[in-house]
Amino acid sequence: QVQLVESGGGLVQAGGSLRLSCAASGSIFSINTMAWYRQAPGRQREFVAIITSSGSTNYADSVKGRFTISRDNTKNTLYLQMNTLKPEDTAVYYCNAQPKYGSTWSGAWGQGAQVTISS
């Protein structure tokens with residue numbers, strides 16, 4: 001099993017920056033991809049960004065050029081650097097991990113971190 005704990009959320013003004021962190025513990029050697037999702041009030045959870053074990057990344061069009069996903073395997077931590085924040089970025093942000101083939105667990109989610117952008 002893998003456990004994920006997010007941190008770094010908060011309230012910032014539009015145009016500002018925040019960095020989210022997601023600390024992984026447990027069977028970290030079996031983690032394949034890691035990703036960030038977000039869920040705004042009254043809306044479905046949506047994909048934000050993903051990074052593979054080899055470092056390849058992909059982003060939702062809505063955040064491309066403003067957000068950067070990265071992972072520090074020495075610290076077992078995933079990051080999301082968010083710049084030029086907009087009010088529509090307000091949401092609870094969730095960290096997700098997916099296992100390598102043959103692992104005994106089927107995916108993990110963190111508890112979520114609230115990000116609020118004021119206009």
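Contact here means heavy atoms within 4.5 Å. Keep that cut-off in mind for the stops below. The model on your screen is predicted.

**Stop 1: M82**

Select M82. Leave out residues up to four places away in sequence, and M82 touches G16, S17, L18, L20, R66, F67, Y93 and V115. Colour those residues to see the surroundings of M82.

**Stop 2: the nonpolar core**

Which residues have the most contacts inside the largest nonpolar core? They are L4, M34, W36, L80, M82 and Y93. Select these six together. The whole core has 31 residues. Now find the elements that give two or more residues to this core. They are β1, β3, β4 (31-39), β5, β7, β8, β9 (91-99) and β11 (113-118). In soluble globular proteins, nonpolar side chains tend to be buried together.

**Stop 3: the open sheet**

Switch to a cartoon view. Show β1, β3, β8 and β7, in that order. These four strands form an open sheet, and their pairing is antiparallel. Which strands stand at the edges? Select 2-7 for β1 and 67-72 for β7. Each of these two has a single partner strand, so one side of each is left without a neighbour in the sheet. Now look at how the strands are turned. Neighbouring strands of this sheet are turned by 15° against each other on average, ignoring direction.

**Stop 4: across the sheet**

Begin with β1 and β3, and select residues 18-26 for the latter. Six bridges pair these two strands in the antiparallel sense. Click on L4, then on its bridge partner in β3, A24. L4 is also among the core residues with the most contacts.

Move on to β3 and β8. They run antiparallel too, and six bridges join them. Where does C22 have its partner? Look in β8: L78 stands opposite C22.

**Stop 5: T77**

Stay in β8 and select residues 77-82. T77 is in this strand. Is T77 buried or exposed? Its relative accessible area is 13%, and buried means under 20%, so T77 is buried.

Show the side chain of T77. One of its polar atoms lies 2.8 Å from the backbone oxygen of K75. Next, show the residues that T77 touches, again not counting those up to four places away in sequence. These are S21, C22, A23, S70, R71 and D72. You met C22 at the previous stop, opposite L78.

**Stop 6: two positive phi angles**

Select N76, in the loop between β7 and β8. Its phi is near 55°, a positive value in a residue other than glycine. N76 counts as partly exposed, at 28% relative accessibility.

Then select T84, in the loop between β8 and β9. T84 is not a glycine, but it has a positive phi of about 50°. Its relative accessible area is 44%, and it is partly exposed.

**Stop 7: G55**

Finish at G55. Find the loop between β5 (46-51) and β6 (57-59), where G55 lies. G55 is partly exposed, with a relative accessible area of 41%. Now add N73 to the selection. How many residues apart are G55 and N73 along the chain? The count is 18, and 10 Å separates their C-alpha atoms.

Note on methods
Residues numbered from 1 in each chain as written. Predicted model: local features only at pLDDT ≥ 70, side-chain atom pairs only at ≥ 80, totals over all residues. Heavy atoms only, no water. Pairing = 2+ DSSP bridges. Axes fitted to C-alpha atoms, helices over the stretch in contact; angles between N-to-C directions. Buried < 20%, exposed > 50% of the residue type's maximum accessible area, 1.4 Å probe, protein only. Polar contact = N/O pair within 3.5 Å; in protein donor to acceptor, adjacent residues only side chain to side chain. Core = buried A, V, L, I, M, F, W, Y, C linked by side-chain atoms within 4.5 Å.
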